[in-house]
Structures are given as structure tokens and as C-alpha cells.
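Visitor: I should be grateful for a close look at one part of this model. Please choose a single residue, describe its setting, and then work outwards to the elements around it.

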Amino acid sequence: MNHPDPERFSGADALMLNLETPTTPMHTLKVAVLDTARRGRPVTVAELAEVLPRYLGAFPRATQRVVCAPGRTVRPFWVRENAFDITAHLDEITLPAPGGRADLDELCAELAVRQLDRSRPLWALTLVHGLEGGRQAVVIRVHHAVADGLAALNTLMAATGTAGESVRPAPVDPIVPTTPSAALTRSARRESRRLIAGLPAVVAAFWRAARHSAATDSARHIPLPLTVRRTSFNTPSGARRVCASAQIPLADVQRIAVALDTTVNGALHGIIAGAMRAELAERGDDLRHPSVTVFGVCRDLTSTRTEGNQVATAAAFMRTDIADPIERIRATADSCAATVERRKRIGFDLTESVATYSGRVGPMFRGLAAHRAPRVMNTITTANLPGPRETRWIGDIELVDWVSFALAIAPADVNLTTYSYAGVLSMGLISTPESMPDAARFLRRISESLRETRDALAASAMPLDDPVSSARDQR
């Protein structure tokens, strides 16, 4: 019998799997708020169990599970689950009245620590009833080994349409032969030989990239690794999580970006830096030094992939040391632009190679140093992705809101994910209660920072025109 070639985890996907511990869940949450007014009846779990299998064929990871070759657990294989049971991935819950945003966020915090069963494909869906206005929500837990932010966004776009648009069914393929463990072992051995032969070239590429980075004119705008002072955002923490979500108008951030001749991404990070400054000041932290964010730079934002991790991390200064909101945004945006440009010059192949070779070393180092090292990589983790300009639909069901909660990984437990969606910037903040006791308040500080910036620009007589085509891309 012919067996399909086994598909091994990429280095980046394996890193996401190996970082998971009992106190560090590595699944993200994707939350879609549903308005079923047009169809006239709510969605049921039975309906999901019937309909979803007609479309899962478009998303191979939805029916694949993790399988290790004997004695080789660092980088497992994706193997088709022929005994796939959709009902094992579905559950439902009804929120107590009034079913507002805070109630949904509290549920997300509970789901954030409910780790996925590795004997099954690494996702689960909770249907939420009882939201105010008769709305519902679906909260999808998906392991970061399955998809990064862009892959998750592409999955949303592929599974939904514009108003009146139909999504073409894509049923799961018939049962495929099971790959024997001996075939997995042979594949792993062949790749190990290739990795050993290629190690000198990877080491040489790493040192070339390090020398090139240090020699660039923009180096002063980019923080050096492991030089960040700990703040109260980096407090030793445990297994609990807190979640909060909110929105700010995309147009407001676009106007600020145009006025200051920067990107929406740079303006947004400068606004977030204002919220961080206010938070740190209230906690009594030292404001004389800038904070640092780490965010992912996508290898190819035009890609339509719905799986995998193809991002490289980049560190930028969040100028929480600057009191003036306009100068704070300019300095933060300059750092964001410099680190993105450097990341693109270095390329992404080296990042993938290092992840492939590092195996368990990175996760082991993080576990040892997370709560002990006097210096850390970053104060906060952020992400910002451009999403659809209009709400998406599933038949006659409108997705009126889309929120993403990422990962809270020590020592930088505070993680803020932002997607543009239908004219707003939708923010999902996940953290530990030790590092961010009041996550909702921090998101309110972002709105206050946005307002402070608008007022400062108005006082300086800088124009805040409507967003126009001259605004640089938010990516």
C-alpha cells in the first residue's frame, strides 16, 4: 500500500508546540460575535456538527493530529486523523445576564487556560449563547502550532464571505492510509542528516546577519536583545489569565498617521506607548527608560495560507520615557519602522533555520530565565494585522465583531493583538493577573491616549484630515 509522505512540523511550528507547559497554554482564541437577526433563529451545536464537515477539507490542519516518531519528540509530524469526530471539538455555554463584553471576556479568560487535547486535532469551538441583543459568539481555540495571526485571518476570510456571497463547500477527503511509525522514523533520520550537513552554513549566516545589523544606521532605533529592564509588566506569574477587548476607530489612527507622516502601525504603537506610560506611572515604575515591544513581521502579507507560522520577531522601542504625545509617537514609529526594515533585510529563512535547530533549547531557556533574569527581551508583546473593511457573513449570519487573544508567555505576560475589522481597530488583550490586574482599564487608557494625541495635534495646528490614499499602509 502506498503511504503519503509524512509532513513534519516546521521549526517555527515545533517551537510553538514545545513552549507549552501546564502554566503556559499555547493556544490562541479567535472570537466572532454573530448577529442572527436576518435568519430569525439562533445557531445550534447540532447545526455546527452537521455543517462544518462540509467545509473542513479546505483547512487540512483541522483534521490532522500530532504524531511523534519513536524517540524523536522535538519536531513531530502532522498525520491525518481518520477517526475524526467533529462532536469532540464542539461545546456550548450560556452566559449569565446581561451577557455584555465583560462577560464574554471573562469566559475567554477561562477558555484561555483550557488546554487542547493533543491526541486530537489542535482546535476546539465553543458556541456562546446569552449575549445582549440576542447575539451569539463562537470562540475558537486553536494551537499556535497550527496557525499564526495571518493564517488565522486567512481562515476567517476563506470561511466567510461578503453579504450575499456563498462559500464553496470543501468536504474532507476520503480516509487516507495511515503512515506507519517506521516511515516517520526514516523521514526524521533523512532530515537529521541534512540538518547536520547544513549547520555550518546556518552558523555563518547568523554571524553575517548579526554584523550587518550592528553596522546599519538605524541600529540606534532598535533595542539590543536581553537589555530591557523589568517593569511591573514582567512580574512573576502563574497559570491564570485575564482577557479584555475593546475597539478604537481606525480612521482616527489613520488621521494621526497622515498628520505625522508615519504608518498606522507606527501611530498605533505610539498610542499604546501612551497607555503604557500612564499605567507604569500609576504603578510607580521608573519612566526614565523606554519600554520595548516584540511583534511579528510576516514573511508575505499577500499569502493566502491558512496554516503554519511564517513570522519573524522584531523588537522596537515603546517610548514611554517621552511625555509629549506627538514626540512619543514619532520616536516609537521610527523604531517600529527601523526594526521592520532590518527584519526584511535579514530575511526569514535564517529565522526558520534557527528555530529548526534550536529544538527544545529555546523553551528550556525561557523556562529557566522567565522569572529570574534581571533583563528581559520585551516589556509587552503586540500584533497588528489589517483585516476586512466590511463585516463578514456566513450565509445570512453577520459577524459583527472579530477579536483575537494571543499568548501570555512569561516574562512578557502582557500581549495585545489588534486587527482592523469593518472600520475599527479591534483589540484583544490577554495577560496574567499579576502583570495586568485590570486589563479592561488598560484598554481604556489606549482610548485616552488616542484622545490625548488628537488634542495635542489640534493644539499644534497640525491638520487632522480625513484618511486619504496618501496614508501609508498600516502593515
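Guide: The residue chosen is Thr332, which is placed in helix α8. The model is a predicted one, and each statement below should be read with that in mind.

Thr332 has a relative accessible area of 0%. Because the limit for a buried residue is under 20%, Thr332 counts as buried. If neighbours within four places in sequence are left aside, the contacts of Thr332 are His269, Gly270, Ala273, Phe317, Met318 and Arg319.

Helix α8 itself covers residues 325–346. This helix lies across β10 (291–298) and β11, and its direction is at about 155° to that of β11. Both strands belong to an open sheet of six strands, whose order is β9-β17-β16-β13-β10-β11 and whose pairing is mixed. The edges of this sheet are taken by β9 (242–249) and β11 (311–318), each of which has a single partner strand, so one side of each is left without a neighbour in the sheet. On average, and with direction ignored, neighbouring strands here are turned by 25° against each other.

At the β9 edge, the partner is strand β17, residues 424–431; the two run antiparallel and are joined by eight bridges. Within this pairing, Ser245 is found opposite Gly428 of β17.

Helix α6, residues 250–259, is another element to consider beside α8. Seven of its 10 residues are buried, so α6 is largely enclosed by the rest of the structure. These buried residues are Leu250, Asp252, Val253, Arg255, Ile256, Ala257 and Ala259. They pack against α8, and also against β9, α7 (264–283), β16 (415–421), β17 and α11 (439–459). After α6 comes Asp261, which has a positive phi near 55°.

A second threonine may be set beside Thr332. Thr351 is located in helix α9, residues 349–358. With a relative accessible area of 26%, Thr351 is partly exposed. Apart from residues up to four places away in sequence, Thr351 touches Val311, Ala312 and Arg343. Thr351 and Gly198 are 153 residues apart along the chain, and their C-alpha atoms are separated by 14 Å.

The empty space in the model may be considered next. Rolling a probe the size of a water molecule over the atoms shows where such space is left. One cavity of 30 Å³ or more is counted, and the volume of the largest cavity is about 30 Å³. The residues lining this largest cavity are Pro25, His27, Ala112, Arg241, Ala406, Leu407, Ala408 and Ile430. By class, its lining comprises six nonpolar residues, one polar and one charged.

The second largest pocket holds about 1100 Å³ of space. It is lined by 40 residues, of which Leu52, Leu125, Ile140, Ala159 and Ile394 are the closest to its centre. Two or more lining residues come from each of β2 (27–35), α2 (45–51), β6 (123–129), β7 (136–143), α4 (149–159) and β15 (397–405). The most is given by α4, with four residues. The lining of this pocket contains 27 nonpolar, five polar and eight charged residues.

A further sheet completes the account. It is an open sheet of three strands in the order β1-β4-β3, with antiparallel pairing. Its edge strands, β1 and β3, each pair on one side only. Helix α1, residues 11–18, packs on this sheet and touches β3 and β4; its direction makes about 110° with that of β4. Two bridges join β1 (residues 7–8) to β4 (residues 72–80), and in that pairing Glu7 stands opposite Trp78. Strand β3, residues 64–69, pairs with β4 over five bridges. There, Arg65 is opposite Val79, and Val66 is opposite Trp78. The two strands β3 and β4 form a hairpin with two residues between them, and Gly71 in the turn has a positive phi of about 80°.

To return to the starting point, Thr332 is a buried residue of helix α8, and this helix lies across β10 and β11.

Definitions and conventions: Residues are numbered from 1 along each chain as its sequence is written. This is a predicted model: local features need pLDDT of at least 70, side-chain atom pairs count only at pLDDT 80 or more; totals for chains, interfaces and linings use all residues. Side-chain values use heavy atoms; hydrogens and water are left out. On a 1 Å grid over the protein atoms alone, a cavity is a set of points where a 1.4 Å probe fits but cannot get out, and a pocket is an open set with protein on both sides within 12 Å along at least five of seven lines; lining residues have an atom within 4 Å of a point. Grid points are joined across faces, edges and corners, and a volume is the space filled by probe spheres set on the points. Ala, Val, Leu, Ile, Met, Phe, Trp, Tyr, Cys and Pro count as nonpolar, Asp, Glu, Lys and Arg as charged, and the others, Gly among them, as polar. Two strands pair if DSSP finds at least two bridges between them. Axes are lines fitted to C-alpha atoms, for helices over the stretch in contact, and angles run from 0 to 180 degrees between N-to-C directions. Contact means heavy atoms within 4.5 Å. Buried means under 20% relative accessible area, exposed over 50%, partly exposed in between (1.4 Å probe, protein chains only).
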